[in-house]
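Q: I'd like a close look at a single part of this protein, with the charged side chains as the way in. Could you walk me through it at an easy pace?

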Amino acid sequence: MENGGIENAHGDGNGNGQAASYTYWVRETTADAAPLPVPKKLTAQDILSTQSQPTSLGSVWNKAGTWEEKNLNNWATQRLKELLKSVGSLDLSCGKAEISDVTKCVGDAFLVTVRNKKRVGYTYELTLKIKGEWHLREEKKTVKGHIDIPEFSFGELDDLQMAVQLSEEKDFVQQDKQQIIQDLKKRFLQPVREKLLQFEQELKDR
């Protein structure tokens, strides 16, 4: 072809020309061609099967269930205070006492989603204000003090430690003071541990 022109026709073998266009490349459907897709109506079983597929944990944006950490400090601190103040009045060997306030509740609580699995944890330290009364040699005296619980973490409640201090030690002789301290520690350890175990379970259920 002269001048490098582009052919406008293709021979059909009989010398007849055929106009060239993009439709030339579209083949007509033949008997052995793959059948066209046919719409299928979903059955009730199909819908239930789709709905039963496990959903991903974490936020809406984290559909893949990759690493995500959520801070639960506000909820955890408030809930710990509520649970501990609900311990109520406990009978001592020569009196009774209760947790009147939680003066220190410092720590962190978190929920981690990783590989579409949920993990929770916390680390806290507490100071519980104690008030009550003690019957000593036919005399009733007011007992005031506090219980310090050093740092503890998730799964460590079996080893929970307490340190008791009286606020008005001058009102008691040394022997009586030691008896009150041991009594407070003995009576409050298990109820406090139970409340903290309840807190752990509520944390896991979030």
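The answer below starts with the whole chain and then turns to one arginine and its surroundings.

A: Happy to. Please keep in mind that this is a predicted model, so everything here is computed from its atoms.

Let's set the scene. The protein has three helices and eight strands. Reading from the N terminus, the order is β-β-α-β-α-β-β-β-β-β-α. Of its 206 residues, 29% are buried. Among contacts with a separation of 6 or more, 60% join residues that are 24 or more positions apart. The exposed area is about 14,700 Å², and carbon and sulfur atoms supply 49% of that.

Now for the arginine. R79 sits in helix 2, which covers residues 73–85. R79 counts as partly exposed because its relative accessible area is 21%, and the cut-off for buried is under 20%. Leaving aside residues up to four places away in sequence, R79 touches Q198, F199 and E202.

What does R79 pair with? Two acidic partners turn up, and the background is simple: side chains of opposite charge can pair when their charged atoms come close. One partner is E82, whose side chain meets that of R79 in a salt bridge with an N to O distance of 3.0 Å. These two residues are three apart in helix 2, so about one helical turn separates them. E82 is partly exposed too, since its relative accessibility is 38%.

The other partner is E202, which forms a salt bridge with R79 where the closest N and O atoms are 2.7 Å apart. This pair links distant parts of the chain, with E202 in helix 3 and R79 in helix 2, 123 residues apart. At a relative accessible area of 23%, E202 is again partly exposed. Put together, R79, E82 and E202 are linked in a network of salt bridges. A search of the whole structure finds five salt bridges.

From here it is worth following helix 3, which spans residues 174–204. L196 lies in this helix. R79 and L196 are 117 residues apart in sequence, while their C-alpha atoms are 10.0 Å apart in space. Is L196 buried or exposed? L196 is buried, with a relative accessible area of 0%. Not counting residues up to four places away in sequence, L196 touches L80, L84, L126, F152, L157 and L160. For one of these contacts, L160, there is also a C-alpha to C-alpha figure: L196 and L160 are 10.0 Å apart in space and 36 residues apart in sequence.

Helix 3 also holds D183, another acidic residue with a salt bridge to look at. The side chains of R187 and D183 meet at 3.5 Å, N to O. Being four residues apart in helix 3, R187 and D183 are separated by about one helical turn. How do the two ends of this bridge sit with respect to the surface? R187 counts as partly exposed because its relative accessibility is 35%, whereas D183 counts as buried because its value is 7%. Setting aside residues up to four places away in sequence, D183 touches L92, S93, C94 and W134.

To finish, here is an acidic residue in another setting. D159 is found in the loop between strand 7 (139–153) and strand 8 (163–166). D159 counts as exposed, because its relative accessibility is 59% and the cut-off for exposed is over 50%. Along with E151, E156 and D158, D159 forms a negative surface patch. Members of such a patch have no salt bridge, so D159 belongs with the unpaired acidic residues here, whereas D183 has its bridge to R187.

To recap the part you asked about: R79 in helix 2 bridges to E82 at 3.0 Å and to E202 at 2.7 Å. The E202 pair connects helix 3 with helix 2, and further along the story, helix 3 also carries the buried L196 and the D183 that meets R187.

How values were computed. Residues are numbered from 1 along each chain as its sequence is written. This is a predicted model: local features need pLDDT of at least 70, side-chain atom pairs count only at pLDDT 80 or more; totals for chains, interfaces and linings use all residues. Side-chain values use heavy atoms; hydrogens and water are left out. Buried means under 20% relative accessible area, exposed over 50%, partly exposed in between (1.4 Å probe, protein chains only). Contact means heavy atoms within 4.5 Å. Accessible areas come from the Shrake-Rupley method with a 1.4 Å probe; for residues, only the protein chains shown count as cover. Patches are made of residues with over 30% relative accessible area and no salt bridge: like charges are joined within 9 Å, nonpolar side chains (Val, Leu, Ile, Met, Phe, Trp, Tyr) within 5 Å. A salt bridge is a side-chain nitrogen of Lys or Arg within 4 Å of a carboxyl oxygen of Asp or Glu. Lys and Arg count as positive and Asp and Glu as negative; His and the chain ends are not counted. The place of a charge is taken as NZ of Lys, CZ of Arg, CG of Asp or CD of Glu.
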